[in-house]
Amino acid sequence: MSGDNPERLVVAISSRALFDMSEGHDVFEREGVDAYCRYQVDREADVLRPGVAFRLVRKLLNLRPSDARVEVILLSRNSADTGLRVFNSIEHYGLAITRAAFTNGASPWRYVQPFGGHLFLSADPSDVSRALEAGLAAATILPSTQRDEPVEQDEDGELRIAFDGDAVIFGDEAERVFRRDGLAGFSASERAQARAPLPGGPFKRFLSTLHALQMAYPAEACPIRTALVTARAAPAHERVIRTLRHWNIRIDEAMFLGGLPKAAFLDAFGADIFFDDQTGHCELATEYVATGHVPYGIANQLPTDPAVSGEPASDPSESSDRAGP
């Protein structure tokens, strides 16, 4: 498959984000790698249940027309031997996933870039952190508290992706100002810099590629819809809008919540996945939507980190709950 299509979107996903492999992982944690290998080989004909990101992947692959604008790559810490069950499950569900890397216990994130990936989804926080440090868009898929739904539900429907703003689409510059100077200082800073574009965050490239993919469809028949769901409120809205305009990126819906909880809005939007840097928001969102935690920026630094200015909130979600970015 050619990698020179600028509208082509490549998503790399771990086997534990795609499928529910909790039982096998428990065996590995309790009994070690040899017992895990025996467990998977003995059950390689048993189909794995869908994982948290399964519905997202199925919708992504259902977007793909004959010119293959979307590809999903499997990255797994399994060996090729134990990974046979994963590929058997992929075949069972009819997922058009043909490329994979099995690393036999080693961290697989380093293959995201050679595969041309725009996004890496994993259940392993350490892999995600290292991918982000390397400049890749990455998120930890959190366990879901949603009710189980039929695998086929809405599989041909519109793909809906929601993003937080600061430290996800944008850098964490504004969040640092908020934590140092409080809401009044943050609002004054954002008003003064309303026409200065925000720096790009770890998901800027992914959003740009997603936007290019949207533009490849007729406006009245685009199967992808995006939303910005941010705790910002006026007057901090203007800089966000002008930044996206400067980048020439369209967001279909924008919600400036002024500190209101995000979960109910994500449910109303019908998001297939939501990306946020703050753990408090992510934990609440898992009740309604598949959620990816983006461990990037000041909200994810330890209080003792010298890069943290001022007195950080005791809970990383507190700043946005008080109408910060």
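**Exercise 1. The main core**

Find the residues with the most contacts inside the largest nonpolar core of this predicted model, and the helix that gives the most to this core.

*Solution.* Step 1: the largest nonpolar core has 67 residues. Step 2: those with the most contacts inside it are Leu 18, Phe 19, Leu 121, Phe 163, Phe 203, Phe 206 and Phe 275. Step 3: helix H4, residues 54–63, gives the most to this core, with 6 residues. Step 4: another core lies apart from it and has 11 residues, including Ala 162, Met 255, Phe 269 and Ala 285. In soluble globular proteins, nonpolar side chains tend to be buried together.

**Exercise 2. Around Phe 163**

List what Phe 163 touches, leaving out residues up to four places away in sequence.

*Solution.* Step 1: take the phenylalanines; Phe 163 touches Phe 203, Phe 206, Phe 274 and Phe 275. Step 2: add Val 168, Ile 169, Leu 207 and Leu 210. Step 3: finish with Thr 226, Ala 227, Leu 228 and Val 229.

**Exercise 3. Placing Gly 165**

Locate Gly 165 and decide whether Gly 165 is buried or exposed.

*Solution.* Step 1: Gly 165 sits in the loop between strand S8 (159–163) and helix H7 (173–192). Step 2: its relative accessible area is 1%. The cut-off for buried is under 20%, so Gly 165 is buried. Step 3: beyond its neighbours within four places in sequence, Gly 165 is in contact with Phe 170, Leu 228 and Thr 230. Step 4: Gly 165 and Asp 276 are 111 residues apart in sequence, yet 7.9 Å apart in space, C-alpha to C-alpha.

**Exercise 4. The second largest pocket**

Describe the space and the lining of the second largest pocket.

*Solution.* Step 1: the pocket holds about 440 Å³ of space. Step 2: its lining has 23 residues, and Arg 16, His 25, Tyr 36, Arg 77 and Asn 78 lie nearest its centre. Step 3: helix H1 (15–18), helix H2 (22–31), helix H3 (33–42) and strand S4 (70–76) each supply at least two lining residues. Step 4: by class, the lining divides into 8 nonpolar, 11 polar and 4 charged residues.

**Exercise 5. Cysteines and the whole chain**

Are Cys 222 and Cys 282 buried or exposed, and how many disulfides does the structure hold?

*Solution.* Step 1: Cys 222 has a relative accessible area of 14%, so Cys 222 is buried. Step 2: Cys 282, at 0%, is buried too. Step 3: the structure holds 0 disulfides. Step 4: turn to the whole protein, where 50% of the 325 residues count as buried. Step 5: the secondary structure comes to 12 helices and 12 strands. Step 6: among contacts with a separation of 6 or more, 76% join residues 24 or more positions apart.

Technical notes. Residues are numbered from 1 along each chain as its sequence is written. This is a predicted model: local features need pLDDT of at least 70, side-chain atom pairs count only at pLDDT 80 or more; totals for chains, interfaces and linings use all residues. Side-chain values use heavy atoms; hydrogens and water are left out. A nonpolar core is a set of buried Ala, Val, Leu, Ile, Met, Phe, Trp, Tyr and Cys residues joined through side-chain atoms within 4.5 Å. Buried means under 20% relative accessible area, exposed over 50%, partly exposed in between (1.4 Å probe, protein chains only). Helices (H or I, at least four residues) and strands (E, at least two) are DSSP runs, numbered from the N terminus. Contact means heavy atoms within 4.5 Å. On a 1 Å grid over the protein atoms alone, a cavity is a set of points where a 1.4 Å probe fits but cannot get out, and a pocket is an open set with protein on both sides within 12 Å along at least five of seven lines; lining residues have an atom within 4 Å of a point. Grid points are joined across faces, edges and corners, and a volume is the space filled by probe spheres set on the points. Ala, Val, Leu, Ile, Met, Phe, Trp, Tyr, Cys and Pro count as nonpolar, Asp, Glu, Lys and Arg as charged, and the others, Gly among them, as polar. A disulfide is a pair of cysteine sulfur atoms within 2.5 Å.
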